[in-house]
Each structure stands twice: as C-alpha cells, then as structure tokens.
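The following exercises are to be worked through with the sequence and the model at hand. Each task is followed by a solution in steps.

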Amino acid sequence: MAGDKEGGYWRRLVRRLTTEVEDLDADDLSEQAKAGGAQRACDCRSG
C-alpha cells in the first residue's frame with residue numbers, strides 16, 4: 001500500500017510542476033466549492 005501512496009505523491013508533484021497555474025487554480029476553486037456544498041449549474045434541476 002505504501003507504493004500506492006508514494007506513486008500518488010509523485011503523480012501529484014509532476015502534475016503541479018507541469019500544469020498551467022490557471023488550471024491548478026481552477027481545480028482548487030472547484031474543490032473548495034464542492035467541499036462547501038455547491039454544485040455545478042448544469043447539474044441543477046428546476047422544481
């Protein structure tokens with residue numbers, strides 16, 4: 001199991017080093033909104 005955690009760490013590290021800052025910011029904002037109970041507008045239903 002430790003290998004899985006370690007592999008996840010390296011995957012996240014490489015992603016942080018190779019992804020545009022704007023994309024990382026958008027991902028962080030999405031996670032914060034989701035944690036706060038928000039949902040995407042396209043997933044909302046009327047009524």
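The exercises below treat secondary structure, salt bridges, surface charge and cysteines in turn.

The model is predicted: local features need pLDDT of at least 70 and side-chain atom pairs count only at pLDDT 80 or more, whereas totals for chains, interfaces and linings use all residues. Residues are numbered from 1 along each chain as its sequence is written, and side-chain values use heavy atoms, with hydrogens and water left out.

**Exercise 1.** Determine how many helices and strands the chain has, and what share of its residues counts as buried.

*Solution.* Helices (H or I, at least four residues) and strands (E, at least two) are taken as DSSP runs, numbered from the N terminus. On this basis the chain has two helices and zero strands. Buried means under 20% relative accessible area, exposed over 50%, and partly exposed in between (1.4 Å probe, protein chains only). Of the 47 residues, 4% count as buried.

**Exercise 2.** Identify the salt bridges of the structure and state which parts of the chain they link.

*Solution.* A salt bridge requires a side-chain nitrogen of Lys or Arg within 4 Å of a carboxyl oxygen of Asp or Glu. The structure holds three.

1. Arg-15 pairs with Asp-27, with the closest N and O atoms 2.1 Å apart. This pair links distant parts of the chain, Arg-15 being in helix H1 (residues 2-18) and Asp-27 in helix H2, 12 residues apart.
2. Asp-28 and Arg-16 meet at 3.7 Å, N to O. Because Asp-28 lies in helix H2 and Arg-16 in helix H1, this pair ties together parts that are 12 residues apart in sequence.
3. Arg-40 bonds with Asp-43 in a salt bridge whose closest N and O atoms are 3.4 Å apart. Arg-40 is exposed, at 56% relative accessible area, while Asp-43 is partly exposed, at 42%.

**Exercise 3.** Establish in which helix Asp-25 is placed, and whether Asp-25 is buried, partly exposed or exposed.

*Solution.* Asp-25 is in helix H2 (residues 21-35). With 47% relative accessibility, Asp-25 counts as partly exposed.

**Exercise 4.** Explain why Cys-44 forms no bond with the closest cysteine sulfur.

*Solution.* A disulfide is a pair of cysteine sulfur atoms within 2.5 Å. A search of the whole structure finds zero disulfides. The sulfur of Cys-44 lies 8.1 Å from the closest cysteine sulfur, in Cys-42, and is therefore too far for a bond. As to accessibility, Cys-42 is exposed at 60%, and Cys-44 is partly exposed at 41%.
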